[in-house]
Amino acid sequence: VNAMQMNGVQFEKWQVIGASVKGATHDRKGLPNQDAIDWRSESEDGFPLILALSDGHGSPKSFRSHQGARFAVNIALETFQELAEYHAQAPGFTEIKRMAEEQLPKEIVRNWKKAVEEDIAQNPFSDEDCRLLPEHDIRFKLTEHSLKLLEEEGVPEEILTRLRPLT
């Protein structure tokens, strides 16, 4: 590990190795690894180092969990990279701390939901996907994106009004 200096303070340069390994049960059942890990270090000195990992749901009804985990990791990396860039110009630690506690979790969840909705819009559930779900877990739920598409297709407002409670 190489040493570096920042603002007169000596730091060790961070080095990262990591991997996500598919478990034996997933391997036996032919299921994908549902976890994701990645990291980002934009500079040669290793700062900032941003690491994100996501543990997928790991259940039959979450058959796209591996994609959701990947979305979560990518969104977390992007969000924290933006925070690091803001931190470089921010007036103080208190503002960064407040953002990290109050805004970032909401932003990550909002962007993750958006990525999932976009993925479902581009890759709707197939009949085969639905067969992966246990019968008692199949639930019909419309997203705001789905409602907007129905509205654009000319579905009457009285029908859309009845569908809104399903979101």
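Which residues does glutamine 81 touch, not counting those up to four places away in sequence? They are Arg40, Glu42 and Ile50. The model is predicted. Glutamine 81 is found in helix α2, which covers residues 65-87. Its relative accessible area is 10%, so glutamine 81 is buried; the cut-off for that label is under 20%.

Now step back to the whole chain. The protein has six helices and four strands. Read along the sequence, their pattern is β-β-α-β-β-α-α-α-α-α. There are 167 residues, and 21% of them count as buried. The accessible surface comes to about 12,200 Å². Carbon and sulfur atoms hold 54% of that surface. Among contacts with a separation of 6 or more, 51% join residues 24 or more positions apart.

Next comes the core. In soluble globular proteins, nonpolar side chains tend to be buried together. Here the largest nonpolar core has seven residues: Ala36, Ile50, Ala52, Ala69, Val73, Ala76 and Leu77. Two elements, β4 (49-54) and α2, give two or more residues to this core. Helix α2 gives the most, with four residues. Alanine 52 is a useful place to look. Apart from its neighbours within four places in sequence, alanine 52 is in contact with Ala36, Ile37, Asp38, Val73, Ala76 and Leu77. Of the core members, Ile50 is also touched by glutamine 81.

Helix α3 is the next stop. It runs over residues 93-122. At 1.5 Å a residue, its 30 residues should span 44 Å. The end C-alpha atoms are 41 Å apart, which agrees. The helix is bent, though. At glutamine 103, α3 bends by about 45 degrees. A proline, proline 105, follows within four residues.

Which residues of α3 are buried? They are Ile96, Met99, Leu104, Ile108, Ala115 and Asp119. What covers them includes α2. Aspartate 119 deserves a closer look. Its relative accessible area is 11%. That is under the 20% cut-off, so aspartate 119 counts as buried. Leaving aside neighbours within four places in sequence, aspartate 119 is in contact with Arg64, Gln67 and Phe71.

Charged pairs complete the tour. The count comes to six salt bridges. One of them joins lysine 97 and glutamate 101, at 2.8 Å from N to O. Why are these two about one helical turn apart? Because they are four residues apart in helix α3. Lysine 97 has 41% relative accessibility, so it counts as partly exposed.

Another salt bridge in α3 links glutamate 102 and arginine 98, with the closest N and O atoms 3.5 Å apart. These two residues are also four residues apart, about one turn of the helix. Glutamate 102 is partly exposed at 42% relative accessible area. Arginine 98 is partly exposed too, at 31%. Salt bridges that share partners join Glu95, Arg98 and Glu102 into one network.

A further salt bridge forms between lysine 22 and aspartate 27. Their closest N and O atoms are 3.7 Å apart. Is lysine 22 buried or partly exposed? Its relative accessibility is 34%, so lysine 22 counts as partly exposed.

Terms used: Residues are numbered from 1 along each chain as its sequence is written. This is a predicted model: local features need pLDDT of at least 70, side-chain atom pairs count only at pLDDT 80 or more; totals for chains, interfaces and linings use all residues. Side-chain values use heavy atoms; hydrogens and water are left out. Buried means under 20% relative accessible area, exposed over 50%, partly exposed in between (1.4 Å probe, protein chains only). Contact means heavy atoms within 4.5 Å. Accessible areas come from the Shrake-Rupley method with a 1.4 Å probe; for residues, only the protein chains shown count as cover. A nonpolar core is a set of buried Ala, Val, Leu, Ile, Met, Phe, Trp, Tyr and Cys residues joined through side-chain atoms within 4.5 Å. The expected span of a helix is 1.5 Å times one less than its number of residues. The bend at a residue is the angle between axes fitted to the seven residues ending there and the seven starting there. A salt bridge is a side-chain nitrogen of Lys or Arg within 4 Å of a carboxyl oxygen of Asp or Glu.
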